[in-house]
Amino acid sequence: RLARVCGEITMQPETIRLITANKVAKGNVLEVSRLAAIMAAKRTGDLIPLCHPLNVSGVDVAFEVGDDRVAVETAVRVDDRTGVEMEAFTAAAVALLTIYDMCKAVDRGMVISNLRLEEKRGGACSAYLRTSP
């Protein structure tokens, strides 16, 4: 089973420049965010009441950096007999929250938005859900 979730965080262009130049005081924003997403996917059952803990078999995290935003896409895979949407949502949300946390000293006006399920595969409800935001 697989679920793919996307979201984005908008910010000042100067904040984007700091991220891409690796000049944010807390470190490499995108790599820390990637690690946070992977860790979050594996701990979803601990974070969301009544969400079953799953044996996550893979987490992919991709970023697209624009002039005033960073988009994130997470894809989470499991071999279990239940859906994996919550793990993909948690991974994407935590990735975006990590970006916010690491950049908040220079940009308090950042906005996290457009968190959405893009695709779900495996099980009875497989579907490609969206073609555009």
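This report looks at strand pairing, a helix contact and a pocket in one protein model.

The model is predicted: local features need pLDDT of at least 70, side-chain atom pairs count only at pLDDT 80 or more, and totals for chains, interfaces and linings use all residues. Residues are numbered from 1 along each chain as its sequence is written, and side-chain values use heavy atoms, leaving out hydrogens and water.

Let's start with the strands, which are DSSP runs of E with at least two residues, while helices are runs of H or I with at least four; both are numbered from the N terminus. Strands pair if DSSP finds at least two bridges between them. β3 runs antiparallel to β2, with nine bridges, and antiparallel to β1, also with nine bridges. Between β2 and β3 lie three residues, and the two strands form a hairpin. Here are some facing residues.

| Residue | Opposite it in β3 |
|---|---|
| Thr 10 | Arg 69 |
| Ala 62 | Glu 73 |
| Val 65 | Val 70 |

Next come two helices. α2 (residues 29-42) and α4 (residues 85-103) have axes that come within 8 Å and cross at roughly 145 degrees. Axes are lines fitted to C-alpha atoms over the stretch in contact, with angles from 0 to 180 degrees between N-to-C directions. Contact means heavy atoms within 4.5 Å, and the residues making it include Ala 36 and Ala 40 of α2 and Val 94 and Ile 99 of α4. By class, 14 are nonpolar, three polar and one charged.

Where is the largest pocket lined by two or more residues of an element? These elements are β1 (2-10), β2 (56-65) and β3 (69-78). A pocket is an open set of points on a 1 Å grid where a 1.4 Å probe fits, with protein on both sides within 12 Å along at least five of seven lines; lining residues have an atom within 4 Å of a point. The largest pocket has a volume (the space filled by probe spheres set on the points) of about 210 Å³. Among its 14 lining residues, Gly 7, Glu 64, Ala 71, Val 72 and Arg 116 are the closest to its centre.

Note on methods. Ala, Val, Leu, Ile, Met, Phe, Trp, Tyr, Cys and Pro count as nonpolar, Asp, Glu, Lys and Arg as charged, and the others, Gly among them, as polar.
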